[in-house]
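Welcome! Let's take a friendly walk through this structure, starting with the sheet and moving on to the ligand shell and the model's confidence.

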Amino acid sequence: MTNGREVSRQGIELAVQQDVGIGQPDSDAAPGHAAALGPGGTVGRTATASPPIRLVGVSKAYRRGAQVVPVLTSVNLTVAPGEFLALMGPSGSGKSTLLNLIAGIDRVDAGSIFVGETDITTLDEADLARWRSRSVGFIFQFYNLIPVLNALENVELPLLLTPLSGRERRERARTALSMVGLSDRMDHYPGQLSGGQQQRTAIARALVGDPDILVADEPTGDLDRVSAGEILDLMDGLNRTMGKTIIMVTHDPRAAERAGRLQLLEKGELADAHP
Ligand SMILES: Nc1ncnc2c1ncn2[C@@H]1O[C@H](COP(=O)(O)OP(=O)(O)OP(=O)(O)O)[C@@H](O)[C@H]1O
Ligand SMILES: [Mg+2]
C-alpha cells in the first residue's frame, strides 16, 4: 500500500497507538458497523466487554543526568469498564506521563497497572507491544498522521501488524473512516485535510483495531470550538454506543464536561473532582 514509500516499523508501531474518533457517522455507516472492526467480526460488543483498569501505587520519575525529577508519586486510580474519564491538571503535573503509562508506551518505576487480570507492568517489550496493538488506541493533540500517506493508508497502518489480508485491511480502514464521517476524504493527504478532519482520521486509526480502551491527550487542544465539539461528539458516541473506555487529558473545561468523571492531577497526586 505504500507504493514504494518508506514507512518504518517504528512509525507503524507509533501509529498503532493512535486512534480514531467517531464524529457524526456517515449515513451509510451506522454505529453498529463498529462490529465489523472486531477481531473475527465480533458483533454486539458492550461496555462490559472492556476490562477495568486499576493503577496501584504507580510512581514515575525522569532522570536527566544526575538529576531526578519525580513526576508521579504512588498514584492509585480505578477506571470502570466503559467509563469516560477526564484528567485535568497544571502543565507539567504528569498527565501525559500517566496516559503513556496506562497505554503501555512508557514504564513505571514502581507500582502495578492492571488491565483486567493482566498487570501490564510485568509484560516484556514484545508482549507489551502485542497487548497495546490489541487493547489501546491513542489520540494525540497534533494528530500524528504520516504526511506521505493518504487518510485510508494512515488508518490502515496499525493493521499491518496483524495477519489480515490487504483487502481486509482496506475494508476495515474504510469502515473506520466512514464511522468518523470521512467517506469522501479517504484519498486526501493530511495536508489536504482540516484540523478537525485530521483528528477524525486519527480517531479512525485508533479505532481500526477495535481496542477496548482509547486514551486521548488533549484531543481538542489544537482545534477551534466547532471542530472540538465535533470531536467530542465523536468520542462521546464511541463511549456510549461502542462501550469504549476513554481516558482523556484536557485543559478545556468544556471538554472535561463531556466526561462522566473528572480527576485532577496536581504535583504527581490525583484528587477527585466533579465536572
Ligand atoms: N522524557 C522526559 N525526560 C525528562 N523529564 C520529562 C520527560 N517527560 C516529561 N518530563 C517531565 O515530567 C513532568 C511531567 O510531564 P508531562 O508531560 O507528563 O506533563 P503534563 O501534565 O502532560 O503537562 P502539559 O499539560 O504541559 O502537557 C514535567 O516536569 C516534564 O518536564
Ligand atoms: Mg501533556
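## The sheet

In this predicted model, six strands form an open sheet with mixed pairing, in the order β6-β7-β8-β3-β9-β10. The edges are held by β6 (136-139) and β10 (269-273); each has a single partner strand, so one side of each is left without a neighbour in the sheet. On average, neighbouring strands here are turned by 20° against each other, direction ignored.

Let's zoom in on one pair. Strand β7 (residues 213-217) runs parallel to strand β8 (residues 245-249), and five bridges link the two. One bridge to look for joins V215 to I247 in β8. Helix α6 (residues 195-207) packs on this sheet, where it touches β6 and β7. The direction of α6 makes about 170° with that of β6.

## Around ligand 1

Ligand 1 is surrounded by Y62, R64, V69, V71, G89, S91, G92, S93, G94, K95, S96 and T97. Three elements each give two or more residues to this shell: β1 (53-64), β2 (67-79) and α2 (95-102). Of these, α2 gives the most, with three residues.

Sorted by class, the shell has seven polar, three nonpolar and two charged residues.

## How confident is the model?

The protein chain has an average pLDDT of 85, and 81% of the residues score at least 70. Two stretches call for a second look. Over residues 1-35, pLDDT stays under 50, and the model has 102 contacts beyond four places in sequence for them. Residues 38-48 also stay under 50 in pLDDT, with 15 such contacts in the model.

Methods: Residues numbered from 1 in each chain as written. Chains lettered and ligands numbered in written order. Predicted model: local features only at pLDDT ≥ 70, side-chain atom pairs only at ≥ 80, totals over all residues. pLDDT = per-residue confidence, 0-100. Contact = placed C-beta atoms within 7 Å. Near = placed C-beta within 6 Å. Helix = DSSP H or I, 4+ residues; strand = E, 2+ residues; numbered from the N terminus. Nonpolar A, V, L, I, M, F, W, Y, C, P; charged D, E, K, R; others polar. Pairing = 2+ DSSP bridges. Axes fitted to C-alpha atoms, helices over the stretch in contact; angles between N-to-C directions.
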